[in-house]
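New to this one? Take a moment to look over the sequence and the fold, and then we'll walk through a few spots together.

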Amino acid sequence: MRRPFAALLIALCGLSAPTPAQDVPLSPAVEQRLGATFLADEERKNLRVFHGLWEDADLDTPARRAAAALTLGAIDHPWLHDVQAPVLDRAEAMLLRGELGETLTLLEGEGAIRGIRLRADALAGLGRFDESDAALDSLVEMMFTQKLDALELVEGVRGLLLRMQIRGPARGDGTDYRQVLSLINKARDEMDRLAWPVRLAEAELLHSRHNAGEAAAAAIETLSLNPRCQRAWALLGELKVAGFDFDGAEQIAEHMDELAGLLDAVSPDAQIIRIRSLLRQREPDEADEPLERLLGAYPMHREGLALGAAVAAGRYDDSRTSALLAQFDQLSPAHPLALYQVGRVQSETRQYQAAAASLEAAHRRLPNWSAPLIELGLMEMQSGRDDRALDALQRAMALDPFNARAANSMRLIEQLANFARFESAHFIIKCRPGVDEVLAREMPAVLERIHARVCGDQPGGIDHEPAHKTVLELMPTHETFAVRITGMPNIHTMAASTGPVIAMESPREGAGSQAGSYDWARVVQHEYTHTVTLSRTNNRIAHWMTEAAAVYLEDSPRDADTWKLLAHAFKTDALFDMDEINFAFVRPEKPTDRAQAYAQGHWMYEFIIERFGPRAPLDLMDRAAEGVLPDQAFQASLGLDHARFLEAFKPWAEDQLRARGLLLPDGVPDLTELIEPWTNSWAQAGTAPDAAARIEALRAIQRDHPDHPEVLEALILALSEQGSGEPTEEMLPLLARYAEVCPVDDLPHRLLARWYLTRDDRAAQFQAIPHLEFLDARDTTGAEFAAQLADLYLRSGDYERASLKAERATAVAPFDAGLREQAARAALLGKDYDTAERHIQALTNLEPDREQHRKRLEAVRVLRSGG
């Protein structure tokens, strides 16, 4: 559907769902309507209320007051209890509060189409689906026998959607959905272009089908026609939560609070957004406050009661979950909502068996509602049971063929059924037939080494094996990878573990790839650590700790940027406490927060192993599996609560930073203090120093402070800038000294490697080797350093090291034919014919048209056989 005005708004906002800070412009057509000179005063007041633009003086009748209260979400305001207010507005408020029996009583004898729809909704909410369906008979008849205005038609559409949910579609080809959309289009385009409830109904329909982009556009249009429409803001808030934009969701919730606050009311939808956001962030304890606020104001609110059970499920509190589900059933027997919400949270927290049971039970209660089946299918995909996922998604698609999330996932499942399969002792590897098989064939040996390290009992090892083989899926494009993980084609990473399944984007360049080449083995070692820690803890490990263990087990040195990030956090007293670090992963307040959370968590994990022994993290994991609260687990395992742990950690961290030249000794002035006499002199002279003057000042300071890391770094950068980024011979002693006093910085190694590699003397070129080794150990995104090292080792005659580095280069860029050539050559020179054959075989797949590769393959096989 085309809506140019909404498209313009989205382009202006730069987002699929704006936040309140991004004003949605009022439709010019609304301004024109309200400014019409022919309107009587009462008509103008009614229109201002309808479009959410009222002034206090406009709210001078029970009808206008009730309409305003509904718009703002103030569903329990006295204006909606006023017996003089319209019956249907009072009934809708009762329905929204969850007072379903009272709604039915109030609506007795009501024959308007909106009243019929409200009555059917109330009956359905009570779990009386047959009665609800029967109540809709008169609505359907009115749809086809009476002339309806746009608002009445929308009420009819809502009734038809409810009937489809109860009965299922009359036809399985999507005809029902298209007919409903055509009715909405008719109401919007032919009957009343300014009727915001039409746009709202469209937005809610599109959102229910996971068509996020068009749903956001329709919601924005709604707000351009009624900027105070609470339900449109609620939909945008849900889109923010679905997109993991938790800060944006909170901004919307705050705006909704402000809207309801105009009438001193509690916004139920604002609290729901907060609860869902916190559950998605796996912070069920934090969800208590908005949940109590919601149910304190509206104790019968069905969505709130269902989310209460979901919060208990997020805490792994099975008995409390069961009790709350039973309480919900007392109010709404046989209704699936609470089971559905519980199942969603169980799925997100990887309680896969419990989630399957909850979602199947929800489906049995209302077999033609597609939502539980879609969640079930996505959950089964994450648990690695693709046959069950396909069954659930096929059933969902039969009910809801236009659901984008289900359709994306089902297409992928069908593709996965045709993937090539490779198996080792602990892994099942799947990939699309073709070039990805080149990498997939090489994975088992690497994965088994990863398994031995991660599952072993060496320091950092988890000392645990999952009960079943882990499935690793090599996805051909970023879009298929994203659908594999979320059901939708957008996600900002290249690999992810759902527990039993690790999905990763194929590490190659070209169309459809977002990641390009990357150190897939290191990434998979990280993700497999998640699989193993989740298995050991029954999915109950704290967020920071599962990430800390995974980074620790990458077994790679910390890079310079990470060290500097930690140093800055330490020096500015910005290290996270044990609550803040978990939130930093999912709700970062600064651009660096997420990176700091990974780095600081890893740092604290190192400290735990060094100070308390390698079994200490495992003991913490086991206590988490038992349900012990994190602070209590620290006290029991380490003898320190969280606060005292941080007190012990910080002196250790300080020593680490000092040893690496990132924190100056006490009493040593920093660079700013040392250069102050020069800056004062330049200021007094009224001249800006040129590059030469700055270098002269830094040289003078360095003579007095030869080992000062900040001075050395500044002087090296200034000299490098003067030389257009290239090192000079004069810089060599400075670079060597800086590498000693700040052994974690890559700057001297980059410049020294560049210097030696550009020498004509071969012996000088070999001096680049230690610097390239430093850089290669910290590189995760490219094969450049490994390839350079392989070439140098080849030229030096060290074929064993050459082969090791060539292997690393082809691991990072497995589809690069040039690197495969290098690796084959190194193996041949080292008489490792098995390895040479493997790389030449890969070349025949990467470049099938080159006859040379087939001839070389035959030749190496002869050498292997001893011919």
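What follows is a short tour of a helix pair and some salt bridges in this predicted model.

## Two helices that cross

Let's begin with helix α31, which covers residues 616-625, and helix α32, which covers residues 630-638. Their axes come within 9 Å and cross at roughly 140°. An angle over 145 degrees would count as roughly antiparallel, so α31 and α32 are instead oblique to each other. The crossing of α31 past α32 is right-handed.

Which residues in α31 and α32 meet? On the α31 side they are Ala616, Asp619, Leu620 and Arg623, and on the α32 side Ala633, Phe634, Ala636, Ser637 and Leu638. Sorted by class, this contact has six nonpolar residues, one polar residue and two charged residues.

## Salt bridges between helices

Side chains of opposite charge can pair when their charged atoms come close. How many salt bridges does a search of the whole structure find? The count is 77. Here are a few of them.

Take Glu221 and Arg199, whose side chains meet in a salt bridge at 3.2 Å, N to O. Glu221 sits in helix α12 (residues 212-225) and Arg199 in helix α11 (residues 196-208), so this pair ties together parts that are 22 residues apart in sequence. Is Glu221 buried or exposed? The cut-off for buried is under 20% relative accessible area, so Glu221, at 7% relative accessibility, counts as buried. Arg199 counts as buried too, also at 7%.

## Two more pairs

Asp257 and Arg293 make another salt bridge with their side chains, at 3.7 Å from N to O. Because Asp257 belongs to helix α14 (residues 246-261) and Arg293 to helix α16 (residues 288-297), the pair ties together parts that are 36 residues apart in sequence. The two ends don't match in burial: Asp257 is buried, with a relative accessible area of 16%, while Arg293 is partly exposed, with 40%.

Then there's Arg405 with Glu375, where the closest N and O atoms of the salt bridge are 3.0 Å apart. Arg405 lies in helix α23 (residues 404-416) and Glu375 in helix α21 (residues 370-383), so parts that are 30 residues apart in sequence are tied together by this pair. Both Arg405 and Glu375 are buried.

## A shared network

Salt bridges can also link up by sharing partners, and one network here joins Asp89, Glu92, Arg114, Arg117, Asp121, Glu155, Arg158, Glu204 and Arg231.

Notes: Residues are numbered from 1 along each chain as its sequence is written. This is a predicted model: local features need pLDDT of at least 70, side-chain atom pairs count only at pLDDT 80 or more; totals for chains, interfaces and linings use all residues. Side-chain values use heavy atoms; hydrogens and water are left out. Axes are lines fitted to C-alpha atoms, for helices over the stretch in contact, and angles run from 0 to 180 degrees between N-to-C directions. Helices (H or I, at least four residues) and strands (E, at least two) are DSSP runs, numbered from the N terminus. Angles under 35 degrees count as roughly parallel, over 145 as roughly antiparallel, 65 to 115 as roughly perpendicular and the rest as oblique. A crossing is left-handed if the near helix is turned anticlockwise from the far one by less than a right angle, and right-handed if clockwise. Contact means heavy atoms within 4.5 Å. Ala, Val, Leu, Ile, Met, Phe, Trp, Tyr, Cys and Pro count as nonpolar, Asp, Glu, Lys and Arg as charged, and the others, Gly among them, as polar. A salt bridge is a side-chain nitrogen of Lys or Arg within 4 Å of a carboxyl oxygen of Asp or Glu. Buried means under 20% relative accessible area, exposed over 50%, partly exposed in between (1.4 Å probe, protein chains only).
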